[in-house]
Amino acid sequence: RDVRATALAVMGAIDKDRASRLAVGALSDPDGLVRATAVTLCAQGADAETMREIAARATDDPVWQVRTRALEALASSEDPPVREAFVHALSDSVRHVRRAALRAGIEHPGLLPVDVLNSLVVSDADWENRVEASTALGTSKEPAAYIGLDAAVADSNEFVRATAARERRALER
């Protein structure tokens with residue numbers, strides 16, 4: 001696995017087009033490290049079919065690092081099936097995967113549904129994800145975001161409370 005992953009990474013530095021073609025085949029590698037490396041390389045300039053394969057990795061791959069990298073690679077896509085992967089990722093069992101989806105939602109307002117963010121800002125077990133959800137609500141510019149931000153202002157964690165208050169003030173402006 002180390003040789004396969006390193007070969008992909010080195011090829012990415014030498015010949016991006018060839019690395020991308022090799023990476024598409026490596027998406028089905030039996031090892032998660034190789035798939036995680038492949039996801040990053042084949043997403044650059046990928047066609048719609050490859051983007052859907054990466055979206056499948058974002059939701060179905062057994063290795064959380066692959067799911068996280070797939071979400072990071074898909075963040076700028078406008079394809080509806082790809083965007084559904086982000087909503088699905090918000091309920092992932094691994095906090096890092098949820099955080100990758102939340103950060104994509106911050107960078108691309110409108111990517112994540114406000115009603116799901118409103119729920120996540122109070123229910124996520126990880127306080128850092130509740131902070132990210134508060135920020136995503138603030139950047140959404142949606143009036144419905146007040147529901148979640150108002151609830152987050154009463155959070156038990158000081159960072160969540162501070163972020164929610166800041167994002168609520170920004171939303172009011």
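Here are a few notes to help you find your way around this predicted model.

1. A good place to start is the largest nonpolar core, which holds 48 residues. Within this core, Ile54, Leu71, Leu74 and Phe86 touch the most other members. Helix H3 (residues 32–42) supplies the largest share, with six residues. As background, nonpolar side chains tend to be buried together in soluble globular proteins.

2. Leu71 is worth a closer look. Setting aside residues up to four places away in sequence, Leu71 touches Ala58, Ala85, Phe86, Ala89, Val97, Ala100 and Ala101. One of these partners, Phe86, is also listed with Leu71 among the core residues that touch the most other members.

3. Next, have a look at helices H8 (residues 114–123) and H10 (residues 145–152), whose axes come within 8 Å and cross at roughly 5°. Angles under 35 degrees count as roughly parallel, so H8 and H10 are roughly parallel to each other. On the H8 side, Val114, Asn118, Val121 and Val122 make the contact, and on the H10 side Ala145, Ile147, Gly148, Ala151 and Ala152 do. Seven of the residues in this contact are nonpolar, two are polar and none is charged.

4. Finally, find Arg83, which sits in helix H6 (residues 80–89). Is Arg83 buried or exposed? Its relative accessibility is 22%, so Arg83 counts as partly exposed. Beyond its neighbours within four places in sequence, Arg83 is in contact with Ser77, Glu78, Gly110 and Leu111. For Gly110, the backbone oxygen lies 3.5 Å from a polar atom of the Arg83 side chain. The C-alpha atom of Arg83 is 31 Å from that of Asp2, and 81 residues separate the two along the chain.

Methods:
Residues are numbered from 1 along each chain as its sequence is written. This is a predicted model: local features need pLDDT of at least 70, side-chain atom pairs count only at pLDDT 80 or more; totals for chains, interfaces and linings use all residues. Side-chain values use heavy atoms; hydrogens and water are left out. Axes are lines fitted to C-alpha atoms, for helices over the stretch in contact, and angles run from 0 to 180 degrees between N-to-C directions. Helices (H or I, at least four residues) and strands (E, at least two) are DSSP runs, numbered from the N terminus. Angles under 35 degrees count as roughly parallel, over 145 as roughly antiparallel, 65 to 115 as roughly perpendicular and the rest as oblique. Contact means heavy atoms within 4.5 Å. Ala, Val, Leu, Ile, Met, Phe, Trp, Tyr, Cys and Pro count as nonpolar, Asp, Glu, Lys and Arg as charged, and the others, Gly among them, as polar. Buried means under 20% relative accessible area, exposed over 50%, partly exposed in between (1.4 Å probe, protein chains only). A polar contact is a pair of N or O atoms within 3.5 Å; within protein, one must be able to donate a hydrogen and the other to accept it, and residues adjacent in sequence count only if both atoms are side-chain atoms. A nonpolar core is a set of buried Ala, Val, Leu, Ile, Met, Phe, Trp, Tyr and Cys residues joined through side-chain atoms within 4.5 Å.
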